[in-house]
Amino acid sequence: MSKFQNKAVLVTGAGVGIGYEICRQFAVEGAAVALNDIDADLASQAAARINQEVGREAVYAYGCDVADVAAVRAMFSDFVSKNGRLDAAVANAGLTNFGEFLTYTPEAFDRLMSVNLRGSYFTAQTAALIMIEQRISGRIVLMSSVTGGQAFLNLGAYGVTKAGIRHMAKVLALELGRYDITVNAISPGLIITERTVTDDPNAEANWAEVTPIRRTGHVEDIAAAALFLASPEARHITGQTLEVDGGWTTISPLPVGHPDKPEFSSQLR
Ligand SMILES: NC(=O)c1ccc[n+]([C@@H]2O[C@H](COP(=O)([O-])OP(=O)(O)OC[C@H]3O[C@@H](n4cnc5c(N)ncnc54)[C@H](O)[C@@H]3O)[C@@H](O)[C@H]2O)c1
């Protein structure tokens, strides 16, 4: 039997990239999936592509902005009316907005907070209310980033939202534990997606070079983590942020010429 047979999951920001692959893997594993994107046409095309691959009507498309709480609630309500249940929600939608601190605008800041923090918070709240009503041992997965744990140049405001999401996992885990609902976050390093390759065509090689595991992350790596956190096997894990970064956050830069650099290994004590 497939791992998520008879389960229903909702994933936001899933027309392309990480969210799309999470939807695809859930559908392959037998789940009914709500695929959300702010771009309704993109959501429909993405759902149709996965349905064709799995050979059944597994995925329902929902076009809405996660910052619009009323629209998010209506989306969950429609999905549950079709499937009768909700087992997991992945609040994946997030804007990656580069900009240096000294010139960052209030408008960009407000939009970033609305999508990344307000969107994740109320996606999680809406999911939790349904899971509690249905007495389902639910799973909520949030999407943080390595930039929420470590300072990254020109991603300050974004990093603040991703740090907030790490804390969101902890506080929601505390409040929802009594209902047997777990809440965890995933913290991806640089992941190869349509967007990141457009930003840097050499992203794959550039990031492999500074990653201990010597390769760059792919959407499959993040989807695998999301499916694990949504699985029954993860029932005793809650309030955590899982780094999925090939070890990037484990290292500290060394000064040029430091005796512990590999090129000076003959001098190692
Ligand atoms: N790709 C990476 O390297 C990386 C690294 C760390 C964290 N993340 C996080 O992972 C998540 C997914 O990243 P990605 O690179 O796959 O995303 P992306 O930027 O490629 O966007 C994915 C989709 O989200 C949709 N979207 C944007 N705003 C939305 C909104 N308000 N409501 C609903 N949908 C919306 C977009 O239309 C797009 O189709 C984000 O939260 C991002 O911050 C990504």
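This tour moves through a predicted model, from its sheet to the helices beside it and then to the shell around the ligand.

**The sheet**

Begin by selecting the strands of the open sheet, which number seven and follow the order E3-E2-E1-E4-E5-E6-E9 with parallel pairing. At the two edges you will find E3 and strand E9 (241–244), each of which pairs on one side only. If you look along the sheet, neighbouring strands are turned against each other by 20 degrees on average, direction ignored.

**The E3 side**

Next, select strand E3 (residues 59–63), where four of the five residues are buried, so that the strand is largely enclosed by the rest of the structure. From there, move to E2, which runs parallel to E3 and is joined to it by five bridges; to see one pairing in detail, select Asp-37, whose bridge partner in E3 is Gly-63. Going one strand further, E2 pairs with strand E1 (residues 8–11), again in the parallel sense, over four bridges, and here Leu-10 can be selected together with Ala-34, its bridge partner in E2.

**Two helices across the sheet**

Now add H3, which lies across E1, E2 and E3 and runs at about 160 degrees to E2. Then add H4, which lies across E1, strand E4 (88–91), strand E5 (139–143) and strand E6 (182–188), and which runs at about 175 degrees to E4.

With both helices displayed, turn to where they meet: the axes of helix H3 (residues 69–83) and H4 come within 10 Å and cross at roughly 35 degrees, and the crossing is right-handed. To show the contact itself, select Val-69, Val-72, Arg-73, Phe-76 and Val-80 on H3, together with Phe-122, Thr-123, Thr-126, Ala-127 and Ile-130 on H4. By class, the residues of this contact comprise seven nonpolar, two polar and one charged.

**The ligand shell**

Finally, centre the view on the ligand and select the 30 residues around it, among which Gly-13, Gly-15, Gly-17, Ile-18 and Gly-94 come nearest. Two or more residues of the shell are supplied by each of helix H1 (17–28), strand E2 (32–37), helix H4 (106–134) and helix H6 (194–199). Which of the elements gives the largest share of the shell? Colouring by element points to H1, with three residues. Recolouring the shell by residue class instead separates 13 nonpolar, 13 polar and four charged residues.

Terms used. Residues numbered from 1 in each chain as written. Predicted model: local features only at pLDDT ≥ 70, side-chain atom pairs only at ≥ 80, totals over all residues. Near = placed C-beta within 6 Å. Nonpolar A, V, L, I, M, F, W, Y, C, P; charged D, E, K, R; others polar. Axes fitted to C-alpha atoms, helices over the stretch in contact; angles between N-to-C directions. Left-handed = near helix turned anticlockwise from the far one by under 90°. Contact = placed C-beta atoms within 7 Å. Buried ≥ 20, exposed ≤ 12 C-beta atoms within 10 Å, placed from the backbone. Pairing = 2+ DSSP bridges.
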